[in-house]
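Work through these exercises with the structure open beside you. Each task is followed by a stepwise solution.

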Amino acid sequence: MPAHTNGSITPGTRQRRRAAGAGARHRLVFLDRLVATLIHLRHDLPHTVLGLLFDVDRSTITRAVGQLRTLLTEHECAVPDRPGVHLRTLEDVFAYAQAEGVELRLDATEVQVGRPRASRGGRRAFISGKKKQNTMKATVVADHRGRTLWFDAMRPGRMHDATAARTEGIDSCFRHFPDVEMLLDDGYLGLRRDHPYQALTPPRKANNSALPEFHERWRRHRHEHPSARITVENALDDHKRWK
């Protein structure tokens, strides 16, 4: 309806009238658009091939993938055995872990990407010091059963693992949720230094002059820590299967 001001129509505020059901119609229903997007992300099939599979034009697939990728990115992580619990931010994960007594696991993974254009600023930031390739890095938080509770945005591969976690505000989460413990690997020694009773990394090797029982204790703990942290590696493997 047009807007009125003192009985007159305000210039430039007339709204377009459209009958119910009018306008462009999707050639693909929502379920088909979702399936096409998941196939593209899982198998990296070109949009042209997906168009042949769904009997639509390539542009239709491109539009559907663009829309659904945005929805999937904004979707929160759900906890399977807790209906209604959805975790979107790192603060949500820490609050859930403290309320439920869940011990968290955190790790980062790198995925090789194409070399950025020469004109792109910060091009060297994508060269990983570990893999010596152009990579992007993502950080994942999982529980003791290997279920993903949170993942952050993709970051250039040159960024250190601990720096990526600090960028997401993990320091403030440790301070506001003092009862939460998180298992980490040796790449997060800085977090263990700042939060020694929450950020748990593998124990440091005992001095050569230490008693034999200290060395035996170190070997036992060195084995137990990766065994407890392996679930986050399983979660990372699940993410690597997708584009």
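Buried means under 20% relative accessible area, exposed means over 50%, and partly exposed is in between (1.4 Å probe, protein chains only). This is a predicted model: local features need pLDDT of at least 70, side-chain atom pairs count only at pLDDT 80 or more, and totals for chains, interfaces and linings use all residues. Residues are numbered from 1 along each chain as its sequence is written, and side-chain values use heavy atoms, with hydrogens and water left out.

**Exercise 1. Aromatic pairs**

Find the aromatic pairs and classify their geometry.

Step 1. Apply the rule: rings of Phe, Tyr and Trp (its six-membered ring) pair if their centres lie within 6.5 Å; planes under 30 degrees apart count as stacked, over 60 as edge-to-face and the rest as tilted. The whole structure yields 2 aromatic pairs.

Step 2. Take phenylalanine 94 with phenylalanine 174. Their centres are 5.3 Å apart and their planes 90° apart, so the pair is edge-to-face.

Step 3. Place the partners. Helices (H or I, at least four residues) and strands (E, at least two) are DSSP runs, numbered from the N terminus. Phenylalanine 94 sits in helix H4 (residues 90-100) and phenylalanine 174 in helix H6 (residues 170-176), so the contact ties together parts 80 residues apart in sequence.

Step 4. Check burial. Phenylalanine 94 has a relative accessible area of 0%, which means buried. Phenylalanine 174 is buried as well, at 1%.

Step 5. Take phenylalanine 94 with phenylalanine 177. This pair is tilted, with 6.2 Å centre to centre and 40° between the planes. Phenylalanine 177 lies in the loop between H6 and strand E9 (182-183), 83 residues from phenylalanine 94. Both are buried.

Step 6. Combine the pairs. Phe94, Phe174 and Phe177 make one aromatic cluster.

**Exercise 2. Salt bridges**

How many salt bridges are there, and where do arginine 166 and aspartate 194 lie?

Step 1. Apply the rule: a side-chain nitrogen of Lys or Arg within 4 Å of a carboxyl oxygen of Asp or Glu. The count is 10 salt bridges.

Step 2. Arginine 166 and aspartate 194 form a salt bridge at 3.0 Å, N to O. Arginine 166 is in helix H5 (residues 161-167) and aspartate 194 in helix H7 (residues 189-194), 28 residues apart.

Step 3. Check exposure. Arginine 166 is partly exposed, at 28% relative accessible area. Aspartate 194 is partly exposed too, at 37%.

Step 4. Compare a buried example. Arginine 155 and aspartate 152 meet at 3.6 Å, N to O, and both are buried.
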